[in-house]
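Open the model in a viewer and keep the selection panel at hand. The stops below are given in the order in which to select them.

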Amino acid sequence: MFNYAPLSTHFARKGSNTIFMYHGIDSDGSNRFNTRHTSKIDFEKQLIYLKKTSNILTLEDFFQEKFINGKPNVSITFDDGYLNNYTNAKPLLEKYEVPATVFVTGINRTEDHFLWADFVDAIHLTNQNEVLIGDQVYQKINGIYTNTIGQSIYYYIKNVRANYTFKQLIYSQFPNVHDFLNLPENRELSQLMNDDQIVSLSQSPFVQIGSHGFYHNNLNKILLKDATHELKASKEYLEGLVNYEINTIGYPDGAYTDEVKDAAEKVGFNYQLATDHYQNSETDRSDKRIMNRKGIYNCDSWGNQLIL
Ligand SMILES: [Zn+2]
């Protein structure tokens, strides 16, 4: 259902430059948890299409504007560090000799193993009418668990208690969700790369590893000192695995502030990426340290989404 060929008119506007953001590449484009996984078949078609129509650059070259005039210039990125990036995306990137950057967290080093967003998506697949998280009751309203003042769990985690301690509380309260995410049919959508897989992926001549924060916290909603600590922890962790400097960051949930950008630059992240929109479009647009990305989601034809 997502295999439509894009219309050639979508590429009528020459010279557009776009960084694309993928998440997972799975076997069949499942929307069971969320819309963040693209099927292998669609991804291969998209690579063939972009290769034919566009100039595909590494992220560093894109930031340095090594563009070709008269063609769309694009760069490809992946967020979250799913194992399926290693098993499904890497072989296709190598087959078509397309460069990409994969932004990885440090979650596989924690006891929790799963990204909080996948974990919360899976909580929503349970049949309970209400769940208790910490001291708050969440009732399922239109399919989303919502507290008594109308905040969804997602909102609460991103904006109200955005530190990792609260996420750990959630992980500990739902042991059945760990089991669910570990079921063979769910692993492809939830498993993250371990250290060895990150190392192996980094050795591909077509893949660069970048930071996606350590805990996938929304860095605009935690204390600056905690955000700085997380940035450093992520950089140290990844540089302990790969044999080059980690100087790119795709902000988790696209969340940052001007102060976080400064802190990230001081830590050594020269190339920073937003998600779908800038946090502060006035200052970010002219800020050479940060660029925006266009997310590819499994809820629209990819022809529509690859408009350049
Ligand atoms: Zn993410």
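The tour runs from the domains to the metal site and then to a cavity.

This is a predicted model, in which local features need pLDDT of at least 70 and side-chain atom pairs count only at pLDDT 80 or more, while totals for chains, interfaces and linings use all residues. Residues are numbered from 1 along each chain as its sequence is written, and side-chain values use heavy atoms, with hydrogens and water left out.

**Domains.** Colour 8-111 + 192-305 as domain 1 and 116-181 as domain 2; these bounds come from an automatic or database domain assignment. Their C-alpha centres lie 26 Å apart. Across the boundary, 14 residues of domain 1 are in contact with 13 residues of domain 2 (contact: heavy atoms within 4.5 Å).

**Zinc site.** Next select the zinc ion, which is coordinated by D80 (OD), H212 (NE2) and H216 (NE2), at 2.1 Å. Donors are N, O and S atoms within 2.8 Å of the metal (3.2 Å for Na, K and Ca); water is not among the atoms, so sites may look incomplete. The donor residues follow the spacing D-x131-H-x3-H in sequence. D80 sits in the loop between β5 (73-79) and α3 (83-95), and H212, 132 residues apart from D80, in the loop between β10 (207-211) and α10 (224-239). Helices (H or I, at least four residues) and strands (E, at least two) are DSSP runs, numbered from the N terminus. Both D80 and H212 are buried (under 20% relative accessible area, 1.4 Å probe, protein chains only).

**Cavity.** Finally, select D80 again with G81, V104, T105, N108, L192, M193 and I198, which line the second largest cavity.

Terms used: Buried < 20%, exposed > 50% of the residue type's maximum accessible area, 1.4 Å probe, protein only. 1 Å grid on protein atoms, 1.4 Å probe; cavity = no way out; pocket = protein on both sides within 12 Å on 5 of 7 lines; lining within 4 Å.
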